[in-house]
Amino acid sequence: MTHNTFSRLSLAVAAVFFCFILWVIYLANTGAQSILFDLVRHIPYGDKVGHMLLFGLLTFVANLALQSRHFLLGRIPLYYGAVLVSIFVLSEEISQGFIPSRTLDIIDLVADAVGIILFSYLSGLTQRILDRQRGVTT
């Protein structure tokens with residue numbers, strides 16, 4: 001698979017996954033029932049694991065879609081994908097305080113942050129492997 005094809009595929013996956021998350025948020029905001037919500041309720045800490053996985057995976061595909069472009073904060077790389085997801089997550093979590101069917105929960109925000117950080121690290125490793133396979137040096 002060529003670099004451009006992989007980049008386009010990553011962007012498409014990120015867009016589809018973002019739409020899926022928007023759909024889940026819509027369901028939660030309207031108080032709708034879903035088999036996903038039922039499943040989450042039956043898993044210990046399912047809500048927190050769900051937050052970590054949803055926003056972690058979104059971060060992973062966003063970072064790959066943006067080819068792991070980043071800037072440095074000291075010696076720490078901050079990926080643009082992770083920054084965009086973080087802004088979205090913070091906005092979405094704060095908005096829950098204004099929606100009667102939702103609950104603003106700081107622990108959800110912590111779970112989101114853990115997912116974003118963990119999957120940023122994993123996307124960095126993945127990008128290094130992809131670059132190595134293509135013969136790109138950093």
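1. Which helices and which strand each supply at least two residues of the lining of the second largest pocket? In this predicted model, the elements that do so are the strand β2 (76-79) and the helices α4 and α5 (106-134). The helix α5 gives the most to this lining, with six residues.

2. The second largest pocket holds about 240 Å³ of space. It is lined by 13 residues, and those closest to its centre are Pro-77, Leu-78, Tyr-79, Ile-117 and Ser-120. When the lining of the second largest pocket is sorted by residue type, nine residues are nonpolar, three are polar and one is charged.

3. The largest pocket should be looked at next, and its space comes to about 800 Å³. There are 33 residues in its lining, of which Val-24, Phe-37, Val-40, Asp-47 and His-51 are the closest to the centre. Four helices each supply at least two residues of this lining, namely α1 (3-30), α2 (35-42), α3 (46-65) and α4 (80-95), and the largest share, nine residues, comes from α3. By type, the lining of the largest pocket divides into 16 nonpolar, nine polar and eight charged residues.

4. Turning to the aromatic rings, a general remark may help: a pair of such rings is described by the distance of the centres and the angle of the planes. The count for this structure comes to five aromatic pairs. In one of them, the ring centres of Phe-20 and Trp-23 are 6.0 Å apart and the planes stand at 40 degrees, so the pair is tilted, given that stacked rings have planes under 30 degrees apart and edge-to-face rings have planes over 60.

5. Phe-20 and Trp-23 both belong to helix α1, where they are three residues apart, about one turn of the helix. Phe-20 counts as partly exposed because its relative accessibility is 32%, and Trp-23 is also placed in the partly exposed class, at 43%. Ring pairs join these two residues with Phe-17 into a cluster.

6. On charged groups, the general point is that side chains of opposite charge can pair when their charged atoms come close. A search of the whole structure finds six salt bridges. In one of them, the side chains of Asp-38 and Arg-41 meet at 2.7 Å, N to O; both residues lie in helix α2, three residues apart, about one turn of the helix. Asp-38 is partly exposed, at 33% relative accessibility, whereas Arg-41 is exposed, with a relative accessible area of 54%.

7. A salt bridge also forms between the side chains of Lys-48 and Asp-108, at 2.6 Å, N to O. Because Lys-48 lies in helix α3 and Asp-108 in helix α5, this pair ties together parts that are 60 residues apart in sequence. Lys-48 counts as partly exposed, at 22% relative accessibility, while Asp-108, with a relative accessible area of 5%, is buried.

8. Within helix α5, Arg-134 and Asp-131 are three residues apart and therefore separated by about one helical turn, and their side chains meet in a salt bridge of 2.7 Å, N to O. Arg-134 is partly exposed, with a relative accessible area of 35%, whereas Asp-131 is buried, with 10%. As a last point, salt bridges that share partners join Asp-47, Lys-48, Asp-105 and Asp-108 into one network.

How values were computed
Residues are numbered from 1 along each chain as its sequence is written. This is a predicted model: local features need pLDDT of at least 70, side-chain atom pairs count only at pLDDT 80 or more; totals for chains, interfaces and linings use all residues. Side-chain values use heavy atoms; hydrogens and water are left out. On a 1 Å grid over the protein atoms alone, a cavity is a set of points where a 1.4 Å probe fits but cannot get out, and a pocket is an open set with protein on both sides within 12 Å along at least five of seven lines; lining residues have an atom within 4 Å of a point. Grid points are joined across faces, edges and corners, and a volume is the space filled by probe spheres set on the points. Ala, Val, Leu, Ile, Met, Phe, Trp, Tyr, Cys and Pro count as nonpolar, Asp, Glu, Lys and Arg as charged, and the others, Gly among them, as polar. Rings of Phe, Tyr and Trp (its six-membered ring) pair if their centres lie within 6.5 Å; planes under 30 degrees apart count as stacked, over 60 as edge-to-face and the rest as tilted. Buried means under 20% relative accessible area, exposed over 50%, partly exposed in between (1.4 Å probe, protein chains only). A salt bridge is a side-chain nitrogen of Lys or Arg within 4 Å of a carboxyl oxygen of Asp or Glu.
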